[in-house]
Amino acid sequence: MKRICVMGTGYVGLVSGACLADFGNAVVCVDIDAPRIERLRGGEVPIYEPGLEELMGRNRDRGRLSFSTDIAFAIKSCEIVFICVGTPSLPTGEVDMSYVHAAARSIGQYMEDYKIVVNKSTVPVGTGDEVGAIIAEVRPDADIDVVSNPEFLREG
Ligand SMILES: NC(=O)c1ccc[n+]([C@@H]2O[C@H](COP(=O)([O-])OP(=O)(O)OC[C@H]3O[C@@H](n4cnc5c(N)ncnc54)[C@H](O)[C@@H]3O)[C@@H](O)[C@H]2O)c1
């Protein structure tokens, strides 16, 4: 059993979080979108994925899956952080990396001990080093490993 924080409760974060909880891990899914977290806490499943509602319900009932806007606490108390935030396209066609960068800054800001940082967002090559550098900038003594585990599935 690992304590896992999933940053971003979109398609990727929710499905990953629910599946990781179903494997027996203790998962906290966090988001900066407070109304979304409120709905999730109320048992609402904002997206449709076959089997997801049942998976989320079962793991919430067993105390393995929770939802929070308290990103500081979730990062402090986990062993592994999954970055599952959005990476939309900019009008120039480039990737908007601002959400990934903000997530990395939060990790640096709140971490107190060793973390494995797993990047699940779709990002350009080199982002692992970039995430590591941002965390180290915020917390020069940061003890981390950054892992790339991109999502390859599609909605539905
Ligand atoms: N949706 C898919 O089918 C799919 C498939 C493969 C890869 N991906 C990739 O996975 C990533 C996530 O996609 P998605 O569809 O789940 O995105 P999404 O836009 O549905 O969800 C992203 C969530 O991250 C939250 N967020 C943003 N910044 C945050 C922060 N600093 N801390 C916490 N939460 C934050 C947003 O509020 C939002 O709820 C993207 O890079 C996307 O390209 C998506």
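# Exercises on a predicted model

N119 is found in strand β5. The structure is a predicted model, and the exercises start from this residue.

## Exercise 1. Surroundings of N119

Task: determine whether N119 is buried or exposed, and list which residues N119 touches beyond four places in sequence.

Solution.
- Step 1. The cut-off for a buried residue is 20 or more other C-beta atoms within 10 Å.
- Step 2. N119 has 23 C-beta neighbours inside 10 Å, so N119 counts as buried.
- Step 3. With residues up to four places away left out, N119 touches I83, T127, G128, V131, V146, V147, S148 and N149.
- Step 4. For a distance check, take V30, which is 89 residues from N119 along the chain; their C-alpha atoms are separated by 15 Å.
- Step 5. Turn to the strand as a whole: 4 of the 5 residues of β5 are buried, so β5 is largely enclosed by the rest of the structure.

## Exercise 2. The contact partner T127

Task: state in which helix T127 lies, and say whether T127 is buried or exposed.

Solution.
- Step 1. T127 belongs to helix α6, which covers residues 127-138.
- Step 2. Around T127 there are 22 other C-beta atoms within 10 Å, so this residue is buried.
- Step 3. Once neighbours within four places in sequence are set aside, T127 is in contact with V100 and N119.
- Step 4. The pair T127 and S66 gives another distance: 61 residues apart in sequence, and 28 Å apart in space from C-alpha to C-alpha.

## Exercise 3. Strand pairing and crossovers

Task: find which strands pair with β5, and give the handedness of the crossovers that reach or leave β5.

Solution.
- Step 1. Begin with strand β1 (residues 3-7), which is joined to strand β4 (residues 80-83) by 4 bridges; the two run parallel. In this pair V6 stands opposite F82.
- Step 2. β4 also pairs with β5 (residues 115-119), in the parallel sense and over 4 bridges. I80 of β4 stands opposite I116 in β5, and the bridge partner of F82 in β5 is V118.
- Step 3. Follow the chain from β4: it passes through helix α5 (residues 98-110) to β5, and this β-α-β crossover is right-handed.
- Step 4. On to β6 (residues 144-148): its pairing with β5 is parallel and uses 5 bridges. Here K115 has I144 as its bridge partner in β6.
- Step 5. The unit made by β5, α6 and β6 is a right-handed β-α-β unit.

## Exercise 4. The faces of α3 and β3

Task: which residues of helix α3 are buried, and against which elements do they pack?

Solution.
- Step 1. Helix α3 spans residues 52-61, and its buried residues are L55, M56 and N59.
- Step 2. Viewed down the axis of α3, these residues fall within an arc of 95°, so they line one face of the helix.
- Step 3. The face turned away from the buried side carries the exposed residues E54 and D61.
- Step 4. The packing partners of the buried residues are α1 (11-22) and β3 (65-68).
- Step 5. β3 has two faces as well: L65 and F67 make up the covered one, S66 and S68 the uncovered one.
- Step 6. β3 pairs with strand β2 (residues 26-30) in the parallel sense, over 4 bridges. In that pairing, the bridge partner of V28 is S66.
- Step 7. After the helix, note the backbone: α3 is followed by G63, which has a positive phi, near 75°.

## Exercise 5. The shell around the ligand

Task: how many residues surround the ligand, and which helix supplies the largest share of the shell?

Solution.
- Step 1. The ligand is surrounded by 26 residues, of which the closest are G8, G10, G86, S121 and T122.
- Step 2. By class, the shell holds 11 nonpolar, 9 polar and 6 charged residues.
- Step 3. By element, α1 and α5 each supply at least two residues of the shell.
- Step 4. The largest share, 4 residues, comes from α5. This helix is also the one through which the chain crosses from β4 to β5.

Note on methods:
Residues numbered from 1 in each chain as written. Predicted model: local features only at pLDDT ≥ 70, side-chain atom pairs only at ≥ 80, totals over all residues. Buried ≥ 20, exposed ≤ 12 C-beta atoms within 10 Å, placed from the backbone. Arc of directions from axis to C-beta. Contact = placed C-beta atoms within 7 Å. Pairing = 2+ DSSP bridges. Right-handed = clockwise from strand over helix to strand, strands pointing away. Near = placed C-beta within 6 Å. Nonpolar A, V, L, I, M, F, W, Y, C, P; charged D, E, K, R; others polar.
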